[in-house]
Amino acid sequence: MIYKESAAPWWKRGVIYQIYPRSFQDSDGDGIGDLAGIESRLDHLSLLGVDAIWLSPVFPSPMADFGYDVADYCDIEPLFGDLEDFDRLLAAIHQRGMKLLLDYVPNHSSDRHPWFVESRSSRDSPKRDWYIWRDPAPNGGPPNNWISDFGGSSWEWDEPTRQYYLHAFLKEQPDLNWRNPDLRAAMMDVLRFWLDRGVDGFRIDVLWHIVKAADLPDNPVNPDWRKGQTERDRLIQLHSTDQPEAHAISADFRALADQYGSGPDSQRVLIGEIFLPNERHAHWYGTPERPQVHLPFNFQLIESRWDPVELRRVIAEYEASLPAFAWPNWVLGSHDAPRIAARIGEAQARVAAMLLLTLRGTPTIYQGDEIGIGQVDIPADRIRDPQDLRQPGIGIGRDRARTPMPWNAAPFAGFSTTEPWLPLNPDWPSRNVALQAEDRGSILSLYRDLLKLRRSSGALTLGAFLLADADKDILAYERRQDDERLLIVLNFGTRERVLIVPADARIDSVLASTLPLRDMDGRVLPNEGLIIRLRDAV
Ligand code: ISL
């Protein structure tokens with residue numbers, strides 16, 4: 001379908017912001033963020049200029065994996081508040097013209113979920129088949145060679161019923177059996193529960209994992225595995241992920257979401273968390289007749305080397321892999337990945353912000369990246385991430401991206417009135433929201449300016465994308481819509497470069513720089529990103 005600019009749905013025009021609820025704002029002094037805290041900080045998001053908030057899980061959970069182990073899909077974790085707090089937060093977000101997306105975790109529940117408690121109670125339990133139970137292999141060991149994403153076998157022995165159950169992540173996160181129609185119906189009801197309450201969509205956790213090959217064959221060994229990589233990567237997850245049946249379920253999710261809104265502002269959006277090579281990734285859009293998720297998350301800015309030639313290739317190949325009807329998206333950070341500013345430094349994190357907000361497609365900003373939080377070393381006695389604790393020393397810890405938001409110069413950075421559950425970034429007295437909001441030169445001001453410019457520009461939100469050349473320092477591209485023509489030039493290097501303008505154009509004006517804005521003088525400074533308005537040469 002071709003939309004006029006004004007008719008394009010909100011999730012194509014908009015920008016998504018991920019909140020990690022434990023670390024956004026604490027309102028009750030327990031050192032852990034909560035829903036009332038989020039509500040009290042909505043000004044920050046309005047001023048930033050984002051369109052939708054995605055909340056990492058807020059459902060009742062024993063917190064073995066900090067909320068990605070759900071013990072009740074239709075309630076709120078008491079640490080975060082209750083359903084009343086949730087309704088108030090949703091209303092406050094809507095009142096500000098923003099949308100709210102929840103995190104749907106369909107691959108696994110908590111082992112404390114009543115469904116699993118019942119399932120493990122006996123082999124004859126009516127819910128036995130809601131999870132994946134198997135007899136031991138003939139040698140008495142696990143049914144196959146699958147390895148959990150968090151290390152160790154994917155199978156846990158249950159002595160009372162003398163079978164193994166499957167868990168792709170922790171043993172406290174048993175995998176649900178999506179081949180069982182009753183489980184499927186119950187999980188569809190979960191989506192209805194929140195859609196009826198008014199949520200605007202979901203980010204779907206590990207969507208490509210939800211169905212496994214029926215006879216659970218061994219996964220092939222990865223010949224390229226090297227010491228220092230995670231245990232999971234010893235095998236290729238050929239039979240445990242990306243099964244055809246999962247696409248049918250993904251299409252059912254979409255059909256349900258589509259029943260709840262069809263207008264450009266009322267559509268409910270589905271975002272799939274999917275790590276796969278382009279060509280398999282693209283299948284998760286489905287087809288125009290039977291669409292699947294609106295946005296299969298694209299993590300390639302996180303996974304690629306920070307190098308203009310490499311990124312040019314990645315962007316071109318991703319764009320080329322998209323079906324004609326598909327809309328792209330880009331993610332720069334998450335609660336699972338190292339912080340962008342820790343990876344490439346603040347000067348380049350500014351360039352990265354300009355890249356994220358000017359590529360074609362819906363951007364997702366991760367909380368804290370808008371103030372450039374960088375490396376936070378977590379002392380050994382404060383590590384909380386189960387993935388890190390189970391596979392220490394290989395640099396995969398996720399706590400460093402989950403540290404609390406520093407809001408101001410008050411004790412504990414205004415995040416809490418007590419020591420937070422994870423340490424703050426050590427430079428919080430100088431790197432916090434209040435200080436950066438006052439500073440025209442801060443990375444927060446840059447984010448605000450870029451978001452404002454993006455909102456006002458048809459070329460940046462919905463326009464065509466044309467890659468120019470890249471070299472060892474420079475990545476350049478154009479965005480165009482009707483007679484609006486913008487040139488984006490990003491200097492990844494520390495050398496000054498001459499600005500090259502396309503032969504058929506002239507510079508009209510400079511709209512943004514990652515450095516203090518100056519008149520155009522034909523130079524691109526070290527670590528500078530520029531957005532330039534072009535005119536056609538006559
Ligand atoms: O496969 C990966 C990268 O190549 C992993 O990062 C993987 O996608 C990730 O571990 C899955 O993440 C999601 O599900 C987990 C949870 O711990 C993460 O926080 C969540 O984002 C299990 O629910």
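Here are a few questions and answers about the ligand site and helix packing in this predicted model.

User: Which residues come nearest to the ligand?
Analyst: Let's start with the surroundings: there are 17 residues around the ligand. By class, that shell has 6 nonpolar and 2 polar residues, plus 9 charged ones. The ones that come nearest are D65, D205, R232, D336 and R398.

User: How far is a polar side-chain atom of D65 from an oxygen atom of the ligand?
Analyst: D65 is among the residues that come nearest to the ligand. A polar contact needs a pair of N or O atoms within 3.5 Å. For D65, the polar side-chain atom and the ligand oxygen lie apart by 2.5 Å.

User: How much of the ligand's exposed area does the protein bury?
Analyst: Look at the contacts to begin with: a side-chain N or O atom of R232 sits 2.9 Å from a ligand oxygen, and a polar side-chain atom of H335 is also 2.9 Å from a ligand oxygen. Taken alone, the ligand exposes 500 Å². Of that, the protein buries 88%.

User: Are helices α6 and α7 roughly parallel or roughly antiparallel?
Analyst: Helix α6 covers residues 181-197 and helix α7 covers residues 244-259, and their axes come within 11 Å. The axes cross at roughly 30°. Angles under 35 degrees count as roughly parallel, so α6 and α7 are roughly parallel.

User: Does α11 pass α14 in a left-handed or a right-handed crossing?
Analyst: Helix α11 (residues 340-358) packs with helix α14 (residues 443-456) at about 15°, and their axes are 10 Å apart. That angle makes α11 roughly parallel to α14. As for the handedness, the crossing is right-handed.

Methods. Residues numbered from 1 in each chain as written. Predicted model: local features only at pLDDT ≥ 70, side-chain atom pairs only at ≥ 80, totals over all residues. Heavy atoms only, no water. Near = heavy atom within 4 Å. Polar contact = N/O pair within 3.5 Å; in protein donor to acceptor, adjacent residues only side chain to side chain. Areas by Shrake-Rupley, 256 points an atom, 1.4 Å probe, with all protein chains shown as cover. Nonpolar A, V, L, I, M, F, W, Y, C, P; charged D, E, K, R; others polar. Axes fitted to C-alpha atoms, helices over the stretch in contact; angles between N-to-C directions. Helix = DSSP H or I, 4+ residues; strand = E, 2+ residues; numbered from the N terminus. Parallel < 35°, antiparallel > 145°, perpendicular 65-115°, else oblique. Left-handed = near helix turned anticlockwise from the far one by under 90°.
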